[in-house]
Amino acid sequence: MLSFHLVMYFSYLLTAFALFHGTSALVITDSPMKLAFHDAEKLQTLYEISLQQFEPSLTCISNDVGNSIPIYPCIALGASASGWAFAVDVSNRSRHEFEVKNEAEGNLRFEPVRALLATLNQRDIAMAGLGASTLAWHRQHQFCGLCGSRMVAVEAGGRRACTSETCRNRAYPRVDPVVIALVQDPVRDKILLGRQSVYRPMMYSCLAGYVGPCESLEEAVRREVKEESGIDVGEMSYHSSQPWPIGRGASCQMMVGFTATATSTEIHIDTNELEDCRWFSRAEVAEAEELVVARRPGPSDESSKTLSIPGPYAIAHHLIKNWLSTTKAPLQASGRNKL
Ligand SMILES: [Zn+2]
C-alpha cells in the first residue's frame, strides 16, 4: 500500500476528507444527499483540525500518550483520478461543531450509515460504509490483545500494530461472514420468510446467520435455516454477495446469498431468533411493499396487513426478486419427494 505519509504530505492538496462520528457520516443534506468532503485547508479553517493530528502519523505516535493534542484516527478510503479520499473519526468532539448550515458548505449533518444505504449514490454508500465500519474497528482495538500495550494504526489504517518492541503483534480489520438464504418450496411455489421483532410491522426477509468456526457456507445455511425455522434444506446454489457495513458491534459483514430448496414444510420457530416465520405465495410476494427503512421506528401504517420486504439496498431484496422473476417451480422437486 502506498505510504500514508507520502499521500498526506506530498499530495494533500489532492486529498478529500469525509468525517465520521460514531457510525454516522457527515452528509450534505441538500437534494440529492451526498457524502460531505473537505480539503485540508477547510478542515483547518472550519474545524481547527490539522494533518499533524491524524493517526497514523509519526507526530501522533510520539505524542500519543500524555498529550492533550486531540488525535483523529484517519484511514484511506481509496484513490480516483481526482485524488485520494480519507475518512476521519471526529467522535471525540461534539457533532454539533460540524453540523453547520451555510451557503458555501451546504447543510451538513451526521446521519447513521444505516439510514444512508437507501439514499446515497453507490460511490458514497461504499465510502460511507468502509469509513464507518473500519473506524469503528480501530476504536475497538486500541490495545494489544497479547501484551496490553497500545496499538496504533499503520498503513493508512489498513491494520493496527502493537507499539511494544518485544511484541509487534498485528491486527487486521475484521469481516464477519454471514449466510442469507432464499428458501423455496418449488412444489407449492412458496418461499420462506421470517421477521425479527425490531422490524417494522409485516416486514419479512430471508433467513440469515453468522458462519461458525470451521463451518462451510452450505453447512451454515442448513444449520441457520433449521435452527430458526425448523425447515430442512436440500439443494442450494450461490446467488450473489453484499458487504454490509452496519453489522453487530459496527462490524463489517460479508453477506453471502444462496437460493435453497426446502425438503420439509412444517415450521418450528426459534422465538429467540425470530418473532415470526411463514411460507408466502408468489401472489403475496408479488404484491409486497418495498421498504426504504426496514427497522422500527418508521412511518409505515402500523395496522398494515400487506407483506413488506427490504428495498433494493439489501441483498434479500434481490434474492426475493430473482425468485419472482423465475417461472413457477423451475427446479427439480425437492428431496422431500424422494422420501
Ligand atoms: Zn503487544
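Two strands count as paired here if DSSP finds at least two bridges between them. Helices (H or I, at least four residues) and strands (E, at least two) are themselves DSSP runs, numbered from the N terminus. With that in hand, V233 can be placed opposite A262 in β17, and we will come back to that strand below.

First, two notes on reading the model. Residues are numbered from 1 along each chain as its sequence is written. The model is predicted, and local features need pLDDT of at least 70, side-chain atom pairs count only at pLDDT 80 or more, while totals for chains, interfaces and linings use all residues.

Let's start with the overall picture. The protein has eight helices and 20 strands. Of its 339 residues, 36% count as buried; a residue is buried if 20 or more other C-beta atoms lie within 10 Å of its own, exposed if 12 or fewer, and partly exposed in between, with C-beta atoms placed from the backbone. Two residues are in contact if their C-beta atoms, again placed from the backbone, lie within 7 Å. Among contacts between residues at least 6 apart in sequence, 63% join residues at least 24 apart.

Now step inside. In soluble globular proteins, nonpolar side chains tend to be buried together. A nonpolar core is a set of buried Ala, Val, Leu, Ile, Met, Phe, Trp, Tyr and Cys residues joined through C-beta atoms within 7 Å. The largest one here has 77 residues, and A18, A25, F86, V88, A181, V183 and C206 touch the most other members. Helix α5 (residues 122-139) gives the most to this core, with eight residues. The core draws at least three residues from each of domain 1 (4-171) and domain 2 (175-338), bounds that come from an automatic or database domain assignment.

Helix α5 itself deserves a look. Its 18 residues reach 26 Å from the first C-alpha to the last, close to the 26 Å expected at 1.5 Å a residue; the expected span is 1.5 Å times one less than the number of residues. Because 14 of the 18 residues of α5 are buried, the helix is largely enclosed by the rest of the structure.

From there, turn to strand β7 (residues 83-89), where F86 has its place. F86 is buried, with 26 other C-beta atoms within 10 Å. Leaving aside residues up to four places away in sequence, F86 touches T15, F17, C74, I75, A76 and L77. The C-alpha atoms of F86 and M127 are separated by 9.0 Å, with their positions 41 residues apart along the chain. D89 also lies in strand β7, and it is buried with 25 other C-beta atoms within 10 Å. With residues up to four places away again left out, D89 touches F20, Y72, P73 and L135.

In domain 2, follow strand β17 (residues 252-262). Ten of its eleven residues are buried, so β17 is largely enclosed by the rest of the structure. Strand β13 (residues 175-185) pairs with β17 in the parallel sense over ten bridges, whereas strand β16 (residues 233-244) runs antiparallel to β17 and is joined to it by nine bridges. On the β13 side, A181 stands opposite F258 in β17. A181 also touches C206, L207, V221, V225 and A260, among others, not counting residues up to four places away in sequence.

A smaller set of strands is worth a visit too. Three strands form an open antiparallel sheet in the order β10-β11-β12. Both β10 (151-154) and β12 (170-171) stand at the edges with a single partner strand each, so one side of each is left without a neighbour in the sheet. Strand β11 (residues 159-162) pairs with β12 over two bridges in the antiparallel sense, and R160 has A171 as its bridge partner in β12.

Finally, some backbone details. Most residues other than glycine have a negative phi, and most peptide bonds are trans. The peptide bond from S31 to P32 is cis, with omega near -5°, and P32 is found in the loop between β2 (24-28) and β3 (34-35). D189, in the loop between β13 and β14 (190-195), has a positive phi near 60°. With 15 C-beta neighbours inside 10 Å, D189 counts as partly exposed. M202 lies in the loop between β14 and β15 (207-210) and has a positive phi near 65°. With 20 C-beta neighbours inside 10 Å, M202 counts as buried.
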